[in-house]
Amino acid sequence: MLASYAVRVEESRGRRYGEPPHPYRNAFQRDRDRVIHARAFRRLENKTQVFTRRFSDHFRNRLTHTIEVAQISRTIALQLGLNCDLVEALALVHDIGHPPFGHAGEKALDTAMRGYGGYFDHNLHALRMVEDFESRYLDFRGLNLTFEVREGIIKHSRQYRASEHPELGEYLLDLQPPLEAQLINLTDEIAYYTADLDDGYEAKLLAVEQMCAGIRVFARYYRDVDTHHHGASEKLKFNEALKRMFDRFVTDLITNTAERTHKATVQTLEDVRRCPERLVAFSDEVESERTECRQFLYDHLYLSAELMPEKQRAEHTVAELFEYWMACPQNLPPTYQEKAALEPLPRVICDYIAGMTDNYILEQHGRMCGKNSG
Ligand code: MG
């Protein structure tokens, strides 16, 4: 049962190029399937989330992270009466614009572009990928996704100003996105906080005592589990405490969003769009727990000395390869040389590098810059 304020597929603003309806899949289901069958989606398997495989085969990569975001988002969407097909398509596509090497790669690409008066933004890149770079259909470029999926790609995690991005004018930039898109930003956070604590523990970069000292909500659950299962292994007690924290975040997001929607007397999708603030949100109490969790991860994992050499190598690889092609564009693949006749060279190189997997950029760096950077 869809809530009255959910997106209805039959009211979709449609695709850029009209297509006859499919006999048994609705437009959002088709979008979801197009994302899954895209080349960029398959490349997520070889893109770093936080940890490279140097540590373990069990760590998340961007593909398994994406699948976790889709799972959490579907669960929440169903409870809130949102459009699960749209939510699933948005979750599966949400990280498709990420370059190799996680945030280190993103930062390096942005820095390289700023040297030429540009910048790199993964949401805008994702839109270009689904609109232009994917090439598998006879009748159009890109995936020809519905308006609602393209809007969600752009607006799920931030607002773009129409004055700064006139090219995004069609995406109703002065209005809120539907709840289906708002949801993705917070499920993404729930997914990567819990996953990064899990992987950080597995990598032996984070200890239980450290997490108890830095994340009060985790400490509460861990102490409770420890009292009732004192003889169990630390790993299983850790898993249980993390699971309870994860469940608390998800449950709070469902109940608090339902409450906010009710309080705002939101009845229709138009009401959602015209709301002064986003309605998908944690309660104040869980919001402060989320902030604490985030701060802990930055202090002890993302900016940790242990991960620094890997990040520096990633940034160096991106920067060096970028400058190599700026100096020697004749060594770009022919299709990118053709693009460079139509678009500024830094943009073409940025697009090429952003699409690469971790393995491919290392291989290219070795070939072009004459070094074995693996
Ligand atoms: Mg993500």
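How many residues apart are E287 and R290 in helix α13, and about how many helical turns separate them? To see this, open the predicted model and select E287 and R290. They are 3 residues apart in helix α13, so about one helical turn separates them. An α-helix has 3.6 residues a turn, so residues three or four places apart point the same way. E287 and R290 form a salt bridge, with their closest N and O atoms 2.7 Å apart. E287 is partly exposed, at 27% relative accessible area, whereas R290 is buried, at 14%.

**Along helix α13**

Stay on this helix and select E292 together with R216. These two form a salt bridge with the closest N and O atoms 2.8 Å apart. The pair links distant parts of the chain, 76 residues apart: E292 belongs to helix α13 and R216 to helix α10 (residues 216-228). R216 counts as exposed, with a relative accessibility of 58%.

Next, select R294 and E189. Their salt bridge has its closest N and O atoms 3.9 Å apart. R294 is in helix α13 (residues 284-302) and E189 in helix α8, so this pair ties together parts 105 residues apart in sequence. R294 is partly exposed, with 29% relative accessible area; E189 counts as buried, at 9%.

**The wider set of salt bridges**

The structure has 41 salt bridges in total. For a group that is joined up, select R60, E68, D198, D199, E202 and K235: salt bridges with shared partners connect them into one network.

**The magnesium ion**

Now select the magnesium ion and its protein donors. These are H65 through NE2, H94 through NE2, D95 through OD and D188 through OD, at 2.2 to 2.5 Å from the ion. Along the sequence, the donor residues follow the spacing H-x28-H-D-x92-D. H65 sits in helix α3 (residues 62-80), while H94 sits in the loop between α4 (84-93) and α5 (102-114), so the two tie together parts that are 29 residues apart in sequence. H65 is buried, with a relative accessibility of 2%, and H94 is buried too, at 4%.

**Helix α7**

Finish with residues 147-155, which make up helix α7. Of its 9 residues, 9 are buried, so the helix is largely enclosed by the rest of the structure. The buried residues include charged ones, among them E148, R150, E151 and K155. To see what surrounds the helix, display α1 (27-36), α4, α6 (122-133), α8 (179-202) and α12 (269-274), against which the buried residues of α7 pack.

Notes: Residues numbered from 1 in each chain as written. Predicted model: local features only at pLDDT ≥ 70, side-chain atom pairs only at ≥ 80, totals over all residues. Heavy atoms only, no water. Donors = N, O, S within 2.8 Å, 3.2 Å for Na, K, Ca; no water. Helix = DSSP H or I, 4+ residues; strand = E, 2+ residues; numbered from the N terminus. Buried < 20%, exposed > 50% of the residue type's maximum accessible area, 1.4 Å probe, protein only. Contact = heavy atoms within 4.5 Å. Salt bridge = Lys/Arg side-chain N within 4 Å of Asp/Glu carboxyl O.
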